[in-house]
Amino acid sequence: MNKWFIVFLIFFSSQAFASFSENSRRYLSPKDMFTLLNQKFPVLQDKQHLAKYHFPSDQVPLSCWGLGLRNGNSTGLVLPAIGAAATASPGTAFVRWWGSCVDQIVIKQFMALNLKANDEGLWKKFYAPEILDRYRDKGNVKEPFHRLTSVEWKDLPPNLKQVQIRFLIEELIGPNPVIADLGFAKGIDDLAATIQSIVPDDSNLKISHATQALITGVTLREEFITY
Amino acid sequence: MPSRFLALAAALAVLAACTPRHAAGPDPKIKPQPKPEPVAMSPVSYLRKLSFHIRGQTPERAEYAELTRAIEQNQVDQFFKEKTTHYLKSREHIDKMSFRIEELLHLRATPVPYHSPLLDLYKAEGPLAPTAFDEYIARNSLNELVRQVVAQNQSWDTLLTGKSYRAFPLAENINALHTGDFLFFSDAAGVPSQSQTEAPVVFAADDTRVAGILTTGRFFGRYVNTALNQNRKRAAAIFRTFLCDDMKAVVVDESGNQNEILDKVFPGPGGNSLIGGGQAKSSMPDPHGTDPACMKCHYKLDPMGKTFQESGMILAPLASPGALVYTRANGGKVNIPVAGVGQLAQAITEQPEYVNCQVGHFWRWYIGEDKPLTPVVAAELAAKFEEVKRQPNDFIAYLVSRPEFGFVASQESNAELVTAVKRVLKNCNGCHALEGVPSFTDWPIGGTESRHQKMLGFIRNSLALDGSSKPRWMPPKNSSWQPSPADLATLQRWFDMGAPNE
């Protein structure tokens, strides 16, 4: 993950005006962050994928699924001692925490996806129906979508690339009017073009890996953490 | 890595391209700028905002499809009415309200959603593991009471005057300093002081005791009492949370010499030498009673603190007399003697300041503090709060149906902006009034337009909002109030619009 890219996205957007303050436009509250991550990434509801500790392991660390002293300041939690957040708006600590956590959660989510290879409902959260239909292996009941981990992004027809990117934006943020009203991008076309640049058209990444990169890109956008 | 340098260079380029507002030098005149017309957001955006505000998450894709159908069938209003009701019944809404109350009371946040199976992971084990205290703060009488009020849409007053809640024990392996609800209970109250399981606490309607926020282990544990403090900390929290009277220390230590404060607290020939060895309380039975600066707050805090005096055990049958004392904004005095915490809680809910304060909390939560609550709108909201019998979900449903909720952000009327500006400037009065400076919130400041303009220039200059390179020099660094970036942005926006009056 390119950390400078995240910094660029979040802090140098000319229209960034939301803050941890409870304004008519605001960033997610610390509690909202975890509620939203739970909604978008079901892996966070599965205890077997979660670590009880903060340090790196093969599970999602505690600071990425539970609110506490380790992430309170960076997420804008109101500090009991002063009755206010440590910072009025997201700082570098937030960017580091959010970027790192999203990265790990997305990876763990796709590992979990492979463990639930025939849970179509779960796959539908991350792939457009057109993609699932195209790459469905009807003869393989246990792993009907295994081709998504072997076919490369460059081999996906351009129109399906667009379909997948738009699907992810709509799934994670919302439809075109939402993107337009939030005002960071002109609309879903504009945002899709930005997100598409994360994975080059001729990339050798497998579709599943490319999708992970795209999801990470969308979740790092201000639109994802603003309402 | 080259990519890092590239990105850094790009970022710096953007920074360089961002010209400061007044880089060309200070603008001596305040020129009004045209204000854009309010723009209503699209129904799709409204749905997302509604979902986030109430539940903290986005709508599902199917809900957007439902909205599209509702638009086609011209049933948008009905759709949003049903959707609001649905969201207000969600577990996420209940959790979010519980979190908001934790913030209001300056409590440590619950680590994971209340109903989450992840709570099982919160067992003390190993030096870096989360502690059982995390589990306790998710399962305790205070949070349970808030959830009960929200889930059942009970009167908001129940938070203060409730007659029942569930008490929770603390998990095993807990640090002795952190104890569950039961430590604070008295056997005499009919509630066991030790229990390994959850237990209901119920008082009859004619019992003077209450099972509200003020009588929970969590509230007592957060605002601990000492012989010197004499429950004033609890009183200050109650004033702040339920009457929006946020008291700050009036003794500003400008010299860096702490002795000034100590001398105020412990007056007398010996000064602060009286401190130590636990003799302070006996030496100074009423240490604040002589200093007018201290008494500006202590005349309110002391009588309220007394209602907790006999309540070492929060549900003890013995009531301790005290009083609800404060001064209204119009100068009217309130002095209501109460027999104990139960009567105090009841008296608070009967005050108009309580209603206005709670309405203000809801406004900030659902509309936003950048949309100032004008007196006219505040009166409307207070009336509605009463009309819906102070039931939180009904009031929230009303708030999200108001036009302020559905407009694209940053649109505000002059009246709203002026209210916000006065809210910021009010903080300056505390010190400057003592120096004979006219009130910053009575316009025109100083009584004439020329003095008003002169003062505006002073404010703009002292807060470094005039585009000059001079740093901000007011309020002084040792002032107990400092403007937030949002406060400064509000003033800047007002100056940019020509500093309009209402």
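**How chains A and B meet, and how each is divided**

In this predicted model, 43 residues of chain A are in contact with 50 residues of chain B, where contact means that the C-beta atoms of two residues, placed from the backbone, lie within 7 Å. On the chain A side, two or more residues each come from helices H1 (3–11), H2 (30–40), H7 (158–172) and H8 (176–182); helices here are DSSP runs (H or I, at least four residues), numbered from the N terminus. H2(A) provides the largest share of that side, six residues. Sorted by class, the side has 20 nonpolar, 13 polar and 10 charged residues (Ala, Val, Leu, Ile, Met, Phe, Trp, Tyr, Cys and Pro count as nonpolar, Asp, Glu, Lys and Arg as charged, and the others, Gly among them, as polar).

Chain A itself splits into domain 1 (1–115) and domain 2 (117–227), with bounds from an automatic or database domain assignment. Taken over C-alpha atoms, the centres of these two domains of chain A are 21 Å apart. Their contact uses 22 residues of domain 1 and 18 residues of domain 2. On the domain 1 side, H1 and helix H4 (92–115) of chain A each supply at least two residues, and H4(A) gives the most, with eight. That side is made up of 14 nonpolar, four polar and four charged residues.

Chain B is cut into four pieces: domain 1 (43–88), domain 2 (91–222), domain 3 (232–267 + 288–349) and domain 4 (352–406). Five residues from domain 3 of chain B and four from domain 4 of chain B make up the contact between those two. The domain 3 side has four nonpolar residues, one polar and no charged ones.

Residues are numbered from 1 along each chain as its sequence is written, while chains are lettered from A and ligands numbered from 1 in the order in which they are written. As the model is predicted, local features need pLDDT of at least 70 and side-chain atom pairs count only at pLDDT 80 or more, whereas totals for chains, interfaces and linings use all residues.
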